[in-house]
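Let's walk through this model together, going from the overall build to a single residue and then to a contact between chains. Keep the viewer open as you read.

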Amino acid sequence: MEQQLASILDKYQHNPLRLMDILIDIQESAGYISEEAVGYIAPELNISRADVEQTRSFYHFFSKKPTGKYSIFLNTSVTAYMMRRNAVARTFEQEAGIPFNSVTRDGLIGLFDTSCIGMSDQEPAAIINGKIFPNLTPFRVKELIRDIRAGKSMEELVVEGYGDGENSNEDIRAVVNNNIRKIGPVLDPRYKPGEVIWDILPKLTPEQVIEEVKNSNIRGRGGAGFPTGMKWELCRKAKADEKYIICNADEGEPGTFKDRVILTERPKLLLEGMVIAAYATGATRGILYVRHEYKYLKTYLENLIQGAHERNLMGNDIAGIKGFNFDVRIQFGAGSYVCGEESALIESAEGKRGEPRDKPPFPVESGYLGKPTVVNNVETFCSAVKVLLNGGEWYRSFGTEDSTGTKVLSISGDCRYPGIYEVEWGFSVNDICEMAGAEDIQGVQVGGPSGSLVGPGDFDRTLCFADLSTGGSLIMFNYSRDLLQDVVLNFTNFFIEESCGSCSTCRIMPVLLRDKLKKILDARGVKKDMDDILAWAEVLKASRCGLGQTASNPIISSIRNFKHLYEQKIRRGTEYDTGFDLNMAMQDGMAATGRFPVTQS
Amino acid sequence: MSKQITFTIDGETCKAEEGTYILDAARKNNKYIPTLCNLEGIPPKGACRMCTVKINGKLVTSCTTRVTDGMQIESEDPGLDDLRKSILEMLFVEGNHLCPSCEKSGSCELQALAYRYRMTVPRYPFFFPRRNIDSTHPKIIKDHNRCILCKRCIRAIKDQNGKSIFAFLNRGHHTKIYVDPDLADKLTDELADRAVEICPVGAIMKRGDGFKDPIGERKYDKQPIGSELEQQL
Amino acid sequence: MEKPVIATTSLAGCFGCHMSLLDIDERILELIELVDFNKSPINDIKTFTRECDIGLIEGGCCLDENVHVLEDFRKHCRILVSVGECAIMGGLPAMRNGIPIRECLEEAYLNGPTVRYTNNEKIMPNDEELPIMLDRVYPCHEVVKIDYFLPGCPPRADLIWNALTALINNREMDLPYEVFKFD
């Protein structure tokens, strides 16, 4: 073991800032991160055991105990449940002979739950030893467990054939489909990689690049919508010996998977965007932070970066521009939604717990290692390339006045054509439903759990920053769905699971709200419980980051837009109910003592 | 010396050096803003959110936000008072805070704030989590029942090489304080005393120590927390 | 005018709160002038004989019997007051909360050091006459609606006096700092 640990430490030069990579490698090679491993690497990195433990214990994919030779992580996202996850999970348990969150006695199979893995258009999906297995059925699960027991290799487990587009690339070989349904100017395949770097950048000063980006009015595509040009300008003006460009490819918002498709089909566009941002801001180093769930893209992306170096699109004197040096490394996450928040992402990239920082200072002043840092979404970088290629004015010809350009949407749920759609801002929810073949729709979750659940009365509202702002996740629910039980409860549990725990508000309040919601679902709710939820949730506004501040959105937006569903559930004729159930409260005590004298052997 | 600036807290004019955190600036002007995680001289980490104030209608933590010239800070209004009270109540239901049997009772900052805000009962249901008392270390006892995860011990207690002795373990509502067993073994008396002293609640206790001050003579028996500042007005 | 009627009970408590009520010293004579007592250990009236104005509850709910008594109080009292930490948050009995009741019972009757070698037949008390232990100790307001809360372990006599006279005279309680304590 020590030899293996030593070589992993050597690979990262015993650098504590690379603790994430070190732990990922240990997890992957040993199947878990043992006490002994923690005890071994801490002094080698010159940090305390506590420092290692705090990072190790934060991330979902790091385990203290063995996770099985085949570790199966089955997605718990709302769309997975809509596509019969329960039957799939049951079959996994029956076939493996163990409940979820445990490992078979022979150490062969481990079954675990995991939050949305970015496959909402091909659910239910599981990750087995890093490989994705989408579109699972009970039949397929039986095959998988049978083949695992028969000792088949990971490659041999695949019987579906590889997915469309680059998913079949020999560096990827994934059973994942892109499901690209609509291509717009950003995803347009008629694109010559490196064209902007070679032909346009040398003719422009960094200031001119920023001017063009500002002229396009493009705003951040991750959801928050900060003007990109301004962000770059702030970073440009910040004085420092080193600056960083970070691409946020941690898309963890349930229901979003567009970055996965861009990373698969247009990675060169993304990398080119990062190079442009580096030129504009004066950054010399870049980090592509990719969520752990997309680790199957690792070799592919690494080779592309290598290729960019070979073609002088990265490295030193890029495209012949004297002194323009820029290099990108890939940082994988290890299972944490909150790392999609830019400052949490930076913490994570520094090898720490993914806890958001207090702001200000913002990353443009003090980001990675305290240096000025631009963090942009995958799609933002891609759009910037097209802005430089065709001009800001061209870009502004798409979309609405306050939301220029296009947006890549991830559409899933009850529709005939789930997948990726690049549309101009300003589409209404109705348009989206028609486009995706969604009929008889009861509600649409716009912007994932942190967005809002809207009903038919709001379907003429439009997607744009001024109205329905979104990072691109749209989940459709038809009238067969129990919105409160299937959707709102699932999302609230998601927020509970993914809270970093640093702020008191976000650590505690979502649990309280979930319990209230359950009380209502258990038919013990009264009108006061709805009032309590609305009043209690206010405290979340005092949370440090967006996750905490939006953690009550599923419940609050559903009370607002689907009040009738709550009113159907709450008790009539009584104003007060503590929810106390004497019979339930007595069960354990009765079981422990019995009704007649019990002699224990 | 850096520039003196003027700002207001609840309409009253205050002065401070530019770049001071609002909470510290308020202290210097004898204005009390409640906090459970802030410690003078230690970098802030808005963990408890108790010191939340309003600036231009926006909620910010005063321990992490610096004052600027002309800043108008709202700190005491019914909305903010209720926000702080509700945070206190959340902390009370999250852990197992059995004041009657706690050595820190009477000198506990969480309890003192609950007195100050006249909390008779939390509006939320109690979690009653199962937590343990870690008495495996030679100098200190870590009672997880009482911990409010303020991070003071994490931030303020480092060994002579600057290494962390305390750290967060897990995340979300499973978060708890991890005590590094190796470094806790070598903990000096000085550092152990300091850890006990800075813990706002009774979550870190010194071995063989407790109930030293009689009831009636404890820190907050007679005067509310914060009154030491306010009385100087 | 008829005097207000008070009832009191101790559920999963130690009677310390009742003791504290008696700690109002000579004011007890004043209290007798002000109110009548109905069901209460103070006068040993075991069952409600009339509707009451104020019910003082000491202790939380640890047994099914506590729940029945508490519900009876809710039925017969216009105002219910949780008196003391046990009624408010379970108090020391709630130290068992979080530990499954089976574990608690087994520790108490089968595995604990005082019973391990003496309870050879491994008997767990389970006579039908015995009340049933609940899965955890419940604060009173998590079982029925409680109108007021008087913190303390026990609440200081002055606090109880202050609150009682306020309730009787229909004025606001002022809960002075010096007597507003959780211990």
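Chain A of this predicted model holds 25 helices and 15 strands. If you lay the C-alpha trace of chain A along its principal axes, it spans about 90 × 60 × 45 Å. How does the radius of gyration of chain A fit with a compact globule? For 601 residues, such a globule would have a value near 25 Å, and chain A has 25 Å, so the two agree.

The inside of the chain can be described in two further ways. Of the 601 residues in chain A, 55% are buried. Then look at the contacts in chain A with a sequence separation of 6 or more: 72% of them join residues that are 24 or more positions apart.

Now zoom in on one residue. Where does Trp394(A) sit? You will find Trp394(A) in helix α17 of chain A, which covers residues 392-396. Is Trp394(A) buried or partly exposed? Because Trp394(A) has 14 C-beta neighbours inside 10 Å, it counts as partly exposed; a buried residue would need 20 or more. To place Trp394(A) relative to another residue, try Lys237(A): the two are 157 residues apart in sequence, and their C-alpha atoms are 27 Å apart in space.

Finally, turn to the other chains. The contact between chain B and chain C takes 18 residues from chain B and 23 residues from chain C. On the chain B side of this contact, 10 residues are nonpolar, five are polar and three are charged.

How values were computed: Residues numbered from 1 in each chain as written. Chains lettered and ligands numbered in written order. Predicted model: local features only at pLDDT ≥ 70, side-chain atom pairs only at ≥ 80, totals over all residues. Contact = placed C-beta atoms within 7 Å. Nonpolar A, V, L, I, M, F, W, Y, C, P; charged D, E, K, R; others polar. Helix = DSSP H or I, 4+ residues; strand = E, 2+ residues; numbered from the N terminus. Buried ≥ 20, exposed ≤ 12 C-beta atoms within 10 Å, placed from the backbone. Rg over C-alpha atoms; globule rule 2.2 N^0.38 Å.
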